[in-house]
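User: Please take one part of this structure and describe it closely, for someone who has not seen it before. Then say what surrounds it.

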2 protein chains.
Amino acid sequence: MSTTTHTIHNFSAGPCILPPSVLEQASAAVRELDGNGLSLIEISHRSKPFVAVMEEARDLVRSELNLPDHYEVLFLQGGASLGFLTTAMNFTPTDGSMDYAVTGTWAKKALKEARKMGAAQAITSSEDSGFNHIPELPGTSSASAVHITTNNTIYGTQYAGDPVVDKPIVADMSSDIFSRPIDIERYACIYAGAQKNMGPAGTVLYIYDKRQAGKTGRDLPSYLDLELHADKDSMFNTPPVFAIYTSMLTLRWLKGEGGVREMQQRNAAKAACIYGEIDRNPLFNGYAASGSRSVMNATFTAADDALTPLFLDACNAAGINGIKGHRSIGGFRASMYNALPLSSVEVLTDVMKEFERTHG
Amino acid sequence: MSTTTHTIHNFSAGPCILPPSVLEQASAAVRELDGNGLSLIEISHRSKPFVAVMEEARDLVRSELNLPDHYEVLFLQGGASLGFLTTAMNFTPTDGSMDYAVTGTWAKKALKEARKMGAAQAITSSEDSGFNHIPELPGTSSASAVHITTNNTIYGTQYAGDPVVDKPIVADMSSDIFSRPIDIERYACIYAGAQKNMGPAGTVLYIYDKRQAGKTGRDLPSYLDLELHADKDSMFNTPPVFAIYTSMLTLRWLKGEGGVREMQQRNAAKAACIYGEIDRNPLFNGYAASGSRSVMNATFTAADDALTPLFLDACNAAGINGIKGHRSIGGFRASMYNALPLSSVEVLTDVMKEFERTHG
């Protein structure tokens, strides 16, 4: 299998590349889980083997992100799309509001869901410039928290670090969680769909400060109540066992590779490689403003539109998968999540150089 | 693998037994999906191979349940637990209400969620008799729909068929969907967590009458709006690809085995086998009233409490898994979903007979 997965360089934006060893172990567990005589997906979620999986997954999140004890960790369902609603409901008091930094399509969607259930307002937006940069976060407002989208997959922009603001942050980290260490105390809540740096689609991670939850005065629907899920150890209802198991395997891999500090270095090296070539090569232009460039998703376009399909063909011939840009901005997008090796980025930059020789 | 899975007789209540061929194919797809060079869980959900999976899964639901064109099929997340809220929101008008038949723990939970967002009332309940039977559904009320739980896994009770009532039914069929043909036109909406007869935990099936949806006057949150999901062909956000793929495989298996009519016959044979032995054997008592007995989950107790742990030991020695009853009623529960062979039920009844000889 390793041969197969490595002949393709998977730059997909998500679902996306996972470590080959994780795919191997996840596949084996679907046949039989750790010598239990039953598949991972046919044992009870209340059985000892699966309860151990859930606890290891939650513990690995705690240890790899260095979470203090007052932070809770949950693996739920519904993706970040349901998270837009859940976070708004759990962190906006009935008489309060939340600020939103609108830095892309997903941030807009988060604000839209929040508006349906309470007071929420955009405090900044880069929409007028095609979301090509991360705008400054304004100072004091009366809101109880500020919501950000730390990495914007479509536009290839990312906050350079943990923002310094005068209120707790609620952050959608779907596409850059576990890519670097974080200053957790700045966050009231972090949520992230699994299907980038953590595992397969089908589970969403919530990390939240227990001291800041449950203060809204709202009577929440059960599935949207983070504290209820925490009371049940993330097993309020049947959890998505495969997605959680595979996320646990990816977190084990992360730990074994050296953790988020090592990932930060690797991701910086991959980003330097691709952005260096984008800036050097006269046939391509970067999309995101230089100070806002994402380490996870590099967006770029052909200097001449006519070259776009030809470059996609060249990538395809080299085994490069998922490089086509999102339809809203066109061009190309190289998603370089934790499991993507530098060698795949080098294959891409080699294709860009060769393309310059043949089409420049 | 077949050897391994068949040395254990898996009577788990869910997650539960799936066909060995489905486990084999799901395991292979986690390595590589149909010669695409990438794993099922690392390709884009917008790629042709996965869009084809989603469409085949939805089409199989339509064909195997013989759905008319005005019924929509969706694979979402959040389990039936989020479905309690979603169905109440999509089928209770702002100025209307929904009736609930309270036949067990899950039905009570459905009513609880519905009460949080609108008018909902219990019209019948068997709680006073320990939920040991399915009570009659009363006649006319002013409600716009009636909610039922077709099979009650914990208590081992089940509606004998599709109820005849004077209004559309909203049904939680989590534990008996695809176990028999249904008269679909009686239902405004059917929902079912996958982890019994359909696949692994992590996706929930919605089937609903498009003519009856979208009439509530509510401004629904996006993830809870069934019509929005339908507009996006069940891909409003990243779907749980593994759970949907494996459900598709199970539905292919179902079709190949002869469909829901064949399952109905097999399930009747398994039920006859276990209930025959429960009624014959003086060491055991059935829990559910005879007219309400479930074909999916047979609940029974030892005539003498002291025998309970001894019988569990005897089952364990015979490779019988998951037979311990739910803590709320104790005793034993034999869950006999579609993929459980009659031979496993015969192993169980042989153990019961032997137990009578040694402990009678």
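Analyst: Two strands pair if DSSP finds at least two bridges between them. Helices (H or I, at least four residues) and strands (E, at least two) are DSSP runs, numbered from the N terminus. The model is predicted, with pLDDT of at least 70 needed for local features and 80 or more for side-chain atom pairs, while totals for chains, interfaces and linings use all residues. Residues are numbered from 1 along each chain as its sequence is written, and chains are lettered from A and ligands numbered from 1 in the order in which they are written.

The part chosen is an open sheet of three strands in chain A, with the order 11-12-14 and antiparallel pairing. Strand 11 (284–286) and strand 14 (332–335) of chain A are at the edges and have a single partner strand each, so one side of each lacks a neighbour in the sheet. On average, neighbouring strands of this sheet are turned by 30° against each other, direction ignored. Strand 11 of chain A runs antiparallel to strand 12 (residues 297–302) of chain A, and three bridges join them. Within this pairing, Gly286(A) has Phe300(A) of strand 12 as its bridge partner.

Helix 8 (residues 259–280) of chain A packs on the sheet and touches strand 11, strand 12 and strand 14 of chain A. Contact here requires that the C-beta atoms of two residues, placed from the backbone, lie within 7 Å. The direction of helix 8 makes about 15° with that of strand 12 of chain A. Such angles run from 0 to 180 degrees between N-to-C directions, with axes being lines fitted to C-alpha atoms, for helices over the stretch in contact.

For the surroundings, the domain assignment (automatic or from a database) divides chain A into domain 1 (22–257) and domain 2 (258–359). Taken over C-alpha atoms, the centres of the two domains of chain A are 27 Å apart. Their contact involves 24 residues of domain 1 and 26 residues of domain 2 of chain A. On the side of domain 1 that touches domain 2, strand 7 (157–158) and helix 7 (241–257) of chain A are the elements giving two or more residues. Helix 7 of chain A supplies the largest share of that side, three residues. By class, the same side has six nonpolar, twelve polar and six charged residues. Ala, Val, Leu, Ile, Met, Phe, Trp, Tyr, Cys and Pro count as nonpolar, Asp, Glu, Lys and Arg as charged, and the others, Gly among them, as polar.
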